[in-house]
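Subject: Structure handover

Hello,

Here is the structure I said I would pass on. My notes on it follow below the entry.

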Amino acid sequence: MWDNIPNNVDLDNDKKLQKALMKWLPNYLEWWNEMGPSDFAADKIYLRTAISVEKGGWAHFDYVKMPEYRWGIFLTPPHKGVEKKIGFGDYMGQDTWDTVPGEFRHDLRRMIVTQADTEPASVEQQRVLGHTAPSLYDLRNLFQVNVEEGRHLWAMVYLLHRFFGRDGREEAEELLERRSGDSDTPRILEAFNKPTQDWLAFYCFAMFMDRDGKFQLGSLAESAFEPLARTTTFMLTEEAHHLFVGESGLSRVIRRTTELMKTAPDEDVTKVGGIPFEIIQKYINEWFSASIDLFGSEDSSNAANYFGHSLKGRWHETRDKDITDHVALEGHYNLPVWENGRLSNREVPMRRAMNAVLLNEYHQDCERACKRWNKICAEVGFEFKIPSLKFNRNQGVYASDNFDLEGNNVTEAQFDAIMSKHTPSEKEYAYVQSLMQPVFEHGRSQTG
Ligand SMILES: [Fe+2]
Ligand SMILES: [Fe+2]
């Protein structure tokens, strides 16, 4: 049976890992059948499967039924002949770790479980979307994302099984027991409990949530714990496609609305079944603000510990030539905060500001995508905006105050008014939902 699990972790000879997986695998399949894509289980889908770490091995295409997908376990191989050294934090310059140091066991487990929990959560959030796919192209993309999120769960469960003994096995089971949006056993992070009921929400999800994933994985790829660094590096290759699905999905909707604007009576695209720019902007406001809560507080002792203990680095910590101080014990990060009724500047010690640093990278990435969208709709005079990092926060230093889309402090009443005006209303959700007519014919799509 192990032949069916592509891997480069010597699963054939690892009896302990086999034993752990033997118990977990049937439960995983049960979870997939219950919470994975609803229906389509008997259909053969043209899917990419990672079958080796050789060049191109991560992208093997074939027709497979999703429940028979070969979820594999892969670690990006270390560069031949290069002794891997820790690139940042207190242990910088020392050899990387092949096992979990006892003193960091708790923190590493928590980091791995938090990442792992997002993988099945997103599959659950997206499970009914197949029924309303706007084209076969979109349907295939959705399922590709779904099976790869399943594989990402495997990647994290491998770490739990292989390095965390009984605790790890228990955590691996719990990952299959929590459910997105369940009031008793919700997923760990709030944004992964949000319903994703229509395709505009799905594109926003893949644009913003998967992009958060990219930056989290990238910072874990710097970890001194080598198996974590190598497995997240491999996951990043798959993640790139998820981001593409999100950003290009939004581009296509924006392009279609731009076209419809030119012919729709009174420039009202709802009269011809289009999605007005204003509604798209509201979705962006909602999903972007939910995604930035995933980064944790901008001023965080956990972040300082993770960095100090060489567990989690910055984005491209060891590749970005602009990062010269990898110890980060000196210097500070200027964080604008709202204190005592006015905006002031908090000098956050660098290590404590690592979440803010990562969030900034993410924010810039989102801004770049927004610029590309704006090139599409410029001809009809619309401009999308990514909201301020202060807007609509439930985590971090801005969570206790109210801010508008530009980041100005406002009263609670003003904030409530902004929310109802600038995030989707029930009526708008219902309108978008009404457009979700599936198109399953070859060569056709709902956008024409
Ligand atoms: Fe993932
Ligand atoms: Fe993803």
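To start with a single residue: is A353 buried or exposed? A353 is buried, because 27 other C-beta atoms lie within 10 Å, and the cut-off for burial is 20 or more. Please keep in mind that this is a predicted model.

A353 sits in the loop between strand 4 (342-349) and helix 9. Not counting residues up to four places away in sequence, A353 touches E298, D299, Y333, L335 and V348. V128, by contrast, is 225 residues from A353 in sequence and 39 Å from A353 in space, C-alpha to C-alpha.

The chain as a whole

The chain has 11 helices and 4 strands. Its C-alpha atoms fill a box of roughly 70 × 60 × 45 Å along the principal axes. The radius of gyration is 22 Å, which agrees with the value near 22 Å that a compact globule of 448 residues would have. Of the 448 residues, 42% count as buried. If one takes the contacts between residues at least 6 apart in sequence, 69% of them join residues at least 24 apart.

The core and helix 5

The largest nonpolar core holds 100 residues. Those with the most contacts inside this core are I112, V157, L200, Y203, C204 and I280. Helix 5 (residues 199-220) gives the core its largest share, 14 residues.

Two residues show what packs in this region. Leaving aside neighbours within four places in sequence, C204 is in contact with Y283, I284 and W287. F208 also has its place in helix 5, and on the same basis F208 is in contact with W287, F288 and S291. F208 counts as buried because 29 C-beta neighbours lie inside 10 Å. N302 is 94 residues from F208 in sequence, and the two C-alpha atoms are 23 Å apart in space.

Helix 3

Helix 3 covers residues 136-163, 28 residues in total. From its first C-alpha to its last, helix 3 reaches 41 Å, close to the 40 Å expected at 1.5 Å a residue. Of those 28 residues, 23 are buried, so helix 3 is largely enclosed by the rest of the structure. Just after helix 3 comes G165, which takes a positive phi of about 50°.

Helix 8

Helix 8 (residues 301-308) has three residues to note: A303, Y306 and F307 are its buried ones. They are on the same side of helix 8, because they cover an arc of only 95° around the axis. The general rule behind this is that an α-helix has 3.6 residues a turn, so residues three or four places apart point the same way. What covers the buried residues of helix 8 includes helix 2 (105-125) and helix 9 (354-377). After helix 8 comes S310, with a positive phi near 60°.

Strands 1 and 2

Strand 1 runs over residues 44-49 and has two faces. I45, L47 and T49 make up the covered face, while K44, Y46 and R48 make up the uncovered one. That fits the general pattern, in which the side chains of a regular strand alternate between the two faces of the sheet. Strand 1 and strand 2 (residues 60-65) run antiparallel and are joined by 6 bridges. Within this pair, Y46 stands opposite Y63 in strand 2.

Backbone angles to check

Which residues other than glycine have a positive phi? D10 is one of them, with phi near 55°. D10 lies in the segment before helix 1 (15-35), and D10 is exposed, because it has 8 other C-beta atoms within 10 Å. H316 is another non-glycine residue with a positive phi, about 55°. H316 lies in the loop between helix 8 and strand 3 (332-339). With 15 other C-beta atoms within 10 Å, H316 is partly exposed.

Regards

Definitions and conventions:
Residues are numbered from 1 along each chain as its sequence is written. Chains are lettered from A and ligands numbered from 1 in the order in which they are written. This is a predicted model: local features need pLDDT of at least 70, side-chain atom pairs count only at pLDDT 80 or more; totals for chains, interfaces and linings use all residues. A nonpolar core is a set of buried Ala, Val, Leu, Ile, Met, Phe, Trp, Tyr and Cys residues joined through C-beta atoms within 7 Å. A residue is buried if 20 or more other C-beta atoms lie within 10 Å of its own, exposed if 12 or fewer, and partly exposed in between; C-beta atoms are placed from the backbone. Two residues are in contact if their C-beta atoms, placed from the backbone, lie within 7 Å. Two strands pair if DSSP finds at least two bridges between them. The arc is that of the directions from the helix axis to the C-beta atoms. The radius of gyration is taken over C-alpha atoms; the globule rule is 2.2 Å times the number of residues to the power 0.38. The expected span of a helix is 1.5 Å times one less than its number of residues.
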